[in-house]
Amino acid sequence: MTGKERAQICLLRDGRLHLNDGPIDLIVDATGEAGEIGAAYAAAASRFVEILDELCSELPLLRAKAGTGSTMPAGPIARRMTKAVQPFAREVFITPMAAVAGSVAEEILSVMTYSAKLSRISVNNGGDIAIHLSHGQRYRIGIVSGLPDYFDSDSLSGSFDITSEDPSRGIATSGWKGRSFSLGIADAITVLARTAAMADAAATVIANAVDLPGNPAIVSVPACDLAPDSDLGHLLVTRHVGALSRDEISLALSKGSAVARDLHTRKLIDSAALSLQGVICTLQPENSRDWDASSTPVNPRQDREACHA
Amino acid sequence: MTGEILAPEDAIRCDACPVACFIKPGRAGACDRYGNKDGKLVRLDPHVILERSLAQGAEAVAFLGNAKDWDGTLVRGPEHFVTAIGAGTTYPDYKPAPFIVSSKFDGVDMVTVVTEGIFSYCGVKVKIDTDRYIGAERSLVRADGEAVGHVTTSEYGSQMLSLGGVHHLTGGSRKQGTATCETLLSLCNGKEVGLTVDDGASLLIAAGKPPAIDGNLEERMRVGCGSATIGIFARQWAGKVDEVVVVDDHITGVLSEHQAGKVLDTAPTGIKIAGRRSTAGRYFQVAEPGTSWGGTNITDPLSIIKGFNAKVAWPGLRLLMVSTTGEQFAYFELDEALHPVEKELPQSLRESVDRIRENCEPAMTSVLFMCGAGGSLRAGVTENPVRLTRSIKEKITRVTCGGAPAYIWPGGGITLMVDVTRMPANSFGYVPTPAIVAPIEFTLPVEAYRAMGGHMDCIRPLADVIADENQQKIAMRAENPWPLTTAGGKP
């Protein structure tokens, strides 16, 4: 069976497009003329059905530890994944899989922008989002900490706009509560970068850095015990984080924000927000737009402790 | 890492997609949709289970004294029917269906084979309750400019569309296939769809809702054709009016000439009507089809009256003109020159006009999904597919779609029709082939299943299936028969 028979493609009631194939689940939104949206959705769908088979054909290579001079895979998405993780390969353990979600989102975005003229597009791959903005357009991005049973505007712990003037076209979130395994204890790290693939890889790296090794509140197990074919092998992945003291939270976040600052200095990311047990720490270039992440805190008691790196 | 994975013994390998995850017991694969439950690969998506007592118990009254402690469930507990919605599909088809479920009903062991079928041979038949002209028979019906079907033979009080079908889905351009698939999916899932008919009207339709034709929301069906309306109301008009013309695009009726008028001794009036006389008091083609009086194009009713024979008519003659829906009406009396002069409708006639309107039922759009399930999906049910076909024809196997009863066409194959409004919300999906994904369930006695060469080793008890996680239990629709009752044949 190929992706063409397997994939589920649905137009949602609100006009967005839902694409699902195996573990890939995309929500695509487009703003523009109906005919252009139709053409872009058709292009997205016909490319989408090839993606999972294409990635799986090189899966062993994509699950292998990245080196600075890694063997380049053949597929365009696989190459994008490999390039996105290479800047981190010297310092930390990382595999191209760290950028799979963002790279897939970017691929769909690129076929849509190629095939139609639209003022806005967002391709959301489980929280890793590739966006297109024509001149004067913007997207409002909401951040949710934790996973509420019922979602409404009150569930947002922060929101911000990305405008066509901003450099960022990729947004990604990583954390131990998410779908992928994390080596760190951050609830959520949200990163803005030029591309979704880079945002995805960077969010993974920063999330892994938010850690308190040996802390008794943290339960972690070898990744392969949970998923025998995980690219993380025997590395310990976080399964539970008990209540931490304020000092512990600050210490863990400071490790993450140090990495985020470094990535920003190296021009790999544009900005980042780090969230751990109700404390949100944001890092952004000066003179940038507001992140109003602390205006609706997850835990009002800890509101005042929100730090700005 | 080399990609060589030494899987622990308790992990199973998922075959749902090429990622081919090794999944340990109690865990899900990378997709979070398939998991290992006690060593078995199971689908974790919400899978729709119908609960009978929710539908029926909801109307029951608490009888156990302390109503607060009673949740409305019948004492014997809810009965469940496993639908194919969210059940997943199998491809290639030789794999057994995703769910083959055994349960007991009235002491008989029943099996329900549940799968989501992928249908290229499928479409919808749409019945639009209106006499307004939507376009000539055989005219193309378009969505986004693409031909997605055609106008077919009209029915009593309704215009009919036939949309979809394999030629529109896969026989034309990619764009046509996509437009057809989207149209079918939207109509089947109860969404509103805009269509245009070549040299005809623009339509805005949704299953179970009144249609809008050229922007006019249709409210009522006509009570009958003009002749039928005369037949129904002749006695109620006797003595209150001298002549009644019921204007209708198909047959316009004239009381004094009509058999019903004759029987009631209505005097001739000498009225001369436009159009072609069919039989006494019945006229074809009094005007062009349109969206005004009785589905014609006339806005002035007198435009179909060519005059009165002076030898027969008389000054003061009372004339009622009314459309077959009662929405348009006018009352005239002849002056000395035998010209009709409009007057206020007398109260005694208003009642009959109101009654015509009352007898016009609410106009609806009905959508029947039609597909051929006689192909390879049968292999998921039995090793010998024709036996499933025969068993359905013999009414031993009952066919439902999301729990809604399906009508099976006589003749070869399994060609079915189902009213989409009787199915749970959003029962349909699609694959990019393009083809429609629809739920289909086959229910039959277990012995009959064994006899047809069913996949007996894949049967799971109902209790086991409903214990699966990630299910959505919804109430059975009260108007649907409980799918587990035997279809009338002997076990």
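Let's start in chain A of this predicted model, where the axes of α2(A) and α5(A) come within 8 Å and cross at roughly 140°. The crossing of these two helices is right-handed. On the α2(A) side, the contact is built from Ala39(A), Ala40(A), Ala43(A), Ala44(A), Arg47(A), Phe48(A) and Ile51(A), and α5(A) answers with Val104(A), Glu107(A), Ile108(A), Val111(A), Met112(A) and Ser115(A). Sorted by character, the residues of this contact divide into ten nonpolar, one polar and two charged. If you follow the numbering along either helix, it helps to recall that an α-helix has 3.6 residues a turn, so residues three or four places apart point the same way.

Both of these helices also help to enclose another one. Helix α4 of chain A spans residues 76–85, and the elements that cover its buried residues include α2 (34–56), α3 (59–62), α5 (100–115) and α6 (196–209) of chain A. Seven of the ten residues of α4(A) are buried, so this helix is largely enclosed by the rest of the structure. The buried residues are Ile77(A), Ala78(A), Arg80(A), Met81(A), Thr82(A), Ala84(A) and Val85(A). Note that Arg80(A) is among them.

From α6(A), step into the loop that leads to β10 (218–222) of chain A, and you will find Asp211(A). Is Asp211(A) buried or exposed? It has 22 other C-beta atoms within 10 Å, and 20 or more is what burial requires, so Asp211(A) counts as buried. Leaving aside residues up to four places away in sequence, Asp211(A) touches Leu183(A), Gly184(A), Ile185(A), Ala252(A) and Lys255(A). Take Ala252(A) as one example: 41 residues separate it from Asp211(A) in sequence, yet their C-alpha atoms are 5.2 Å apart in space.

Stepping back to chain A as a whole, we can count eight helices and 14 strands. Of its 309 residues, 51% count as buried. Among contacts in this chain between residues at least 6 apart in sequence, 59% join residues at least 24 apart.

Now let's cross over to chain B. The contact between the chains takes 27 residues from chain B and 32 residues from chain A. On the side of chain B that touches chain A, the elements giving two or more residues are α3 (174–188) and β31 (429–431) of chain B. The largest share, three residues, comes from β31(B). That side of chain B divides into 17 nonpolar, five polar and five charged residues.

Further along chain B, a run of antiparallel strands is worth tracing one pairing at a time. Two bridges join strand β10 (residues 140–143) of chain B to β13(B), and the two run antiparallel. Here Arg142(B) stands opposite Thr196(B). Strand β13(B), residues 193–197, has a covered face made of Val193(B), Leu195(B) and Val197(B), while Gly194(B) and Thr196(B) form its uncovered face.

Four bridges then join β13(B) to β14 (residues 202–205) of chain B, again antiparallel. In this pairing Thr196(B) stands opposite Ser202(B), and Leu195(B) has Leu203(B) as its bridge partner. Four residues lie between the strands of this hairpin, where Asp199(B) takes a positive phi near 55°. In β14(B), the covered face holds Leu203(B) and Ile205(B), and the uncovered one Ser202(B) and Leu204(B).

The path continues from β14(B) to β15 (residues 212–213) of chain B, joined by two bridges and running antiparallel. Leu204(B) has Ala212(B) as its bridge partner in β15(B). This second hairpin has six residues between its strands, and Gly208(B) takes a positive phi near 80°.

We finish with an open sheet of chain B, in which seven strands follow the order β20-β21-β18-β17-β23-β24-β25 with mixed pairing. Its edge strands, β20 (276–277) and β25 (340–343), each pair on one side only. At the β25(B) edge, four bridges connect this strand to β24 (residues 329–334), and the two run antiparallel. Leu334(B) stands opposite Pro340(B) there. Helix α4 (residues 226–237) of chain B lies across β17 (243–247), β18 (251–254) and β21 (282–284), running at about 25° to β18(B).

Conventions: Residues are numbered from 1 along each chain as its sequence is written. Chains are lettered from A and ligands numbered from 1 in the order in which they are written. This is a predicted model: local features need pLDDT of at least 70, side-chain atom pairs count only at pLDDT 80 or more; totals for chains, interfaces and linings use all residues. Two strands pair if DSSP finds at least two bridges between them. Two residues are in contact if their C-beta atoms, placed from the backbone, lie within 7 Å. Axes are lines fitted to C-alpha atoms, for helices over the stretch in contact, and angles run from 0 to 180 degrees between N-to-C directions. Ala, Val, Leu, Ile, Met, Phe, Trp, Tyr, Cys and Pro count as nonpolar, Asp, Glu, Lys and Arg as charged, and the others, Gly among them, as polar. A residue is buried if 20 or more other C-beta atoms lie within 10 Å of its own, exposed if 12 or fewer, and partly exposed in between; C-beta atoms are placed from the backbone. A crossing is left-handed if the near helix is turned anticlockwise from the far one by less than a right angle, and right-handed if clockwise.
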